[in-house]
Amino acid sequence: MTIKDVAREAGVSIKTVSRVLNNERYVGAETRDRVLAVVERLNFRPSAAARSLAGGKSLQIALICDNPSPYYVYEMQLGVRDRCVRQGVRMLSQPYDRASPSLLGDIDALISAAHVDGLILTPPVSDHDALLDRLRERGTPFVRVSPGTCADGSDAVFIDNERAAAEMAEHLLALGHRRIGMIAGHPVYATSAQRTRGFLGALARAGITPEPGLLRTGTFDFASGAAEATALLALPEPPSAIFAASDDMAAGALATAHRLGVKVPEQLSIAGFDDTALAPVVWPALTTVRQPVRELGYAAADLLFAATPGGERRQIAHSLIVRESTGPARG
């Protein structure tokens, strides 16, 4: 099956089919839909080798991850892959340690060996200044996911982390909670500061300044959530609610509550952030903020494939998901 067959069946020129396959502009919606329907019906798959030779590109992009949550990484991979499939591009997914002294060299080697056409950088790598400078020097396109700032004019996709955390605090306040503990995320992630700022801002607007002992710092994983929840519940006056800045940490807090015989939500409300696949299957199911990670990945790839990249910022909507792990304050 060739591009000529697709053009004949769709009743258009070969050039029009090429434009549709490359997601170029100047093709009407009706024509684009007709061509795509023929492509699907004929199960047409463009030759990657031919397209690479014609366009001088490898038709490969790389997703760079450094995240302790397998749920986050998996959803991000799905979103990027979905957009790559539409584009006829292969996705390479590489885990890296942001703190590694060999990070720049490792990514340099990846670009040189695989000849990737661009990179998608997830946090905290998306805020690695030296890496961003190196990519600009090389002229390698990149899109940043959830960066701390976008003042450098790079393409980025994100949610409003500050507002999302504020909404969770407001939910807990509406349930009557006034002594609320927080387990913040790893300090190297810009999203950690954003969520903490949103949480504390909402409490301040309610006239509440939590004592320092109620503010803990984790590392976005189950173990740190369990450890910090243990510290919170050991306070002379423990909190009536805990907001963890990730579902993995919230699950750790839940496990600690169960181990200590603290009933959730009757004695303690626990809330998370992300709405990963973990959130609805723990007991009780987690109240959380839905960060649409898959949509973020799709949008990041979409920006990378854009014909005219350069400083576009795309915000994806979040939502508050209320489940059984939060309830009215005791007493």
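Contact, throughout this report, means heavy atoms within 4.5 Å. The model is predicted, so local features need pLDDT of at least 70 and side-chain atom pairs count only at pLDDT 80 or more, while totals for chains, interfaces and linings use all residues. Residues are numbered from 1 along each chain as its sequence is written, and side-chain values use heavy atoms, with hydrogens and water left out.

**Arg216 and its surroundings**

Let us start with one residue. Arg216 sits in strand β7; here helices (H or I, at least four residues) and strands (E, at least two) are DSSP runs numbered from the N terminus. Not counting residues up to four places away in sequence, Arg216 touches Met182, Ile183, Ala184, Glu228, Ala231 and Leu232. The C-alpha atoms of Arg216 and Ile183 are separated by 4.8 Å, although the two residues are 33 apart along the chain.

The side chains of Arg216 and Glu228 are joined by a polar contact of 2.7 Å. Such a contact is a pair of N or O atoms within 3.5 Å; within protein, one must be able to donate a hydrogen and the other to accept it, and residues adjacent in sequence count only if both atoms are side-chain atoms.

**The four-stranded sheet**

Strand β7 belongs to an open sheet of 4 strands in the order β7-β6-β8-β9, with parallel pairing. Two strands pair if DSSP finds at least two bridges between them. At the edges are β7 (215-217) and β9 (269-271), each pairing on one side only. Direction ignored, neighbouring strands of this sheet are turned by 15 degrees against each other on average.

Strand β8 (residues 241-244) runs parallel to β9, and 3 bridges join them. Ile242 has Ile270 in β9 as its bridge partner.

**The six-stranded sheet**

A second open sheet is built from 6 strands in the order β2-β1-β3-β4-β5-β11, and the pairing is parallel. Its edge strands are β2 (90-95) and β11 (313-315), each of which pairs on one side only. From one strand to the next, the twist averages 20 degrees.

Between β5 (residues 155-158) and β11, which run parallel, there are 3 bridges. Ala156 finds its bridge partner, Arg313, in β11.

**Helices on the sheets**

The table collects the helices that lie on the two sheets. Axes are lines fitted to C-alpha atoms, for helices over the stretch in contact, and angles run from 0 to 180 degrees between N-to-C directions.

| Helix | Strands touched | Angle |
|---|---|---|
| α5 (residues 70-87) | β1, β2, β3, β4 | about 165 degrees with β1 |
| α12 (residues 293-304) | β1, β3, β4, β5, β11 | about 165 degrees to β5 |
| α9 (residues 190-205) | β6, β7, β8 | about 165 degrees to β6 |
| α11 (residues 247-260) | β6, β8, β9 | about 160 degrees to β9 |

**Where α5 meets α12**

How do α5 and α12 pack, and at what angle? Their axes are 7 Å apart and make an angle of about 40 degrees. That makes α5 oblique to α12, since angles under 35 degrees count as roughly parallel, over 145 as roughly antiparallel, 65 to 115 as roughly perpendicular and the rest as oblique. The crossing of α5 past α12 is right-handed; this term applies if the near helix is turned clockwise from the far one by less than a right angle, and left-handed if anticlockwise.

Residues of α5 in this meeting include Tyr72, Met76, Gly79 and Arg83, and those of α12 include Arg294, Gly297 and Tyr298. Gly79, in helix α5, counts as buried at 0% relative accessibility. Buried means under 20% relative accessible area, exposed over 50% and partly exposed in between (1.4 Å probe, protein chains only). Leaving aside neighbours within four places in sequence, Gly79 is in contact with Arg294, Gly297 and Tyr298. The C-alpha atoms of Gly79 and Ala300, 221 residues apart along the chain, are separated by 8.7 Å.

**Buried or exposed?**

On the scale just given, Arg216 is partly exposed because its relative accessible area is 30%. Ser146, in the loop between β4 and β5, counts as buried, because its relative accessibility is 2%. Apart from neighbours within four places in sequence, Ser146 is in contact with Pro123, Ser126, Asp127, Val157, Phe158, Thr191 and Gln291.

Helix α1 (residues 3-10) has Asp5, Val6, Ala7 and Ala10 as its buried residues. Among the elements that cover them are α2 (14-21) and α3 (29-42). After α1 comes Gly11, with a positive phi near 70 degrees.
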